[in-house]
Amino acid sequence: MSMSKHIEKLLFSAEVIADRVSQLGSEITTEFSGDSEPPVFVGVATGACLFLADLVRRIDLPISIDFIRADSYGSGTVSNGSPRISFDLKLDVTNKHVFLVEDIVDTGNTVSCLIEHLKLKKASSVSVCTLLDKPSRRKVHFKLVGEGKFYSGFECPDEFIVGYGMDFAEQYRNLPYIGVLKPEYYMN
């Protein structure tokens, strides 16, 4: 059965996503082109993997790439509110500008936890670049570090979405677009 039959409605097409990712890449390139120290782009696994890959290919700067994993959803549809780091960085980010690349910022718990973790690792500044932002669900208002900035691709409605790296129970990540999952596929 085609996964597209599980989608209630399309939110962002592959073309719309590609255009916005290209804009974000250009913006970041312009704003950080004068920095002498290459920034480190840290993808939050696994949801941000597609976004990170597309974003860094649109950035015309020397960069490093690493991954971190913070678990807060498990196989559910709502964050448990207590993220934990289950896979840490390989690179040393001491005195570096770090771009934390997220698929979605929802309650703010995970991104806040990761920013604090990067502060402890002595990053000189931390920016957040998220594909989707759900400010209506924000519970934690995170503070960026140093010269850090917040970049957002799209504001997202408060619906359960999948595709372009985002999943339900590890399914749907490979959809090239972002859509709302029909409730019968995630409600038990």
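**Exercise 1. Decide whether Ile7 is buried or exposed, and find its surroundings.**

Step 1. Ile7 has a relative accessible area of 11%, and buried means under 20%, exposed over 50% and partly exposed in between, with a 1.4 Å probe and protein chains only. Ile7 is therefore buried.

Before going on, a word on the model: it is predicted, so local features need pLDDT of at least 70 and side-chain atom pairs count only at pLDDT 80 or more, while totals for chains, interfaces and linings use all residues. Residues are numbered from 1 along each chain as its sequence is written, and side-chain values use heavy atoms, without hydrogens and water.

Step 2. Now place the residue: Ile7 lies in strand S1 (residues 7-12). Strands (E, at least two residues) and helices (H or I, at least four) are DSSP runs, numbered from the N terminus.

Step 3. Look for partners in contact, meaning heavy atoms within 4.5 Å. Leaving out residues up to four places away in sequence, Ile7 touches Val162, Leu175, Tyr177, Gly179, Val180, Leu181 and Lys182.

Step 4. Compare sequence with space: Ile7 and Gly163 are 156 residues apart in sequence, yet their C-alpha atoms are 9.6 Å apart.

**Exercise 2. Work out which strands stand at the edges of the sheet that holds S1.**

Step 1. Write down the order. This open sheet of 3 strands runs S1-S9-S8, with antiparallel pairing; two strands pair if DSSP finds at least two bridges between them.

Step 2. Read off the ends. S1 and strand S8 (161-162) each have a single partner strand, so one side of each has no neighbour in the sheet.

Step 3. Check one pairing. S8 and strand S9 (residues 178-181) are joined by 2 bridges and run antiparallel, and Ile161 stands opposite Val180 in S9.

**Exercise 3. Describe how helices H1 and H2 cross.**

Step 1. Recall the method: two packed helices are described by the angle between their axes and the distance between the axes.

Step 2. Take the values. The axes of H1 (residues 14-32) and H2 come within 8 Å and cross at roughly 55°. Axes are lines fitted to C-alpha atoms over the stretch in contact, with angles from 0 to 180 degrees between N-to-C directions.

Step 3. Classify. Under 35 degrees counts as roughly parallel, over 145 as roughly antiparallel, 65 to 115 as roughly perpendicular and the rest as oblique; H1 and H2 are therefore oblique to each other.

Step 4. Name the residues. Val21, Leu24, Gly25 and Ile28 of H1 meet Phe51, Asp54 and Leu55 of H2.
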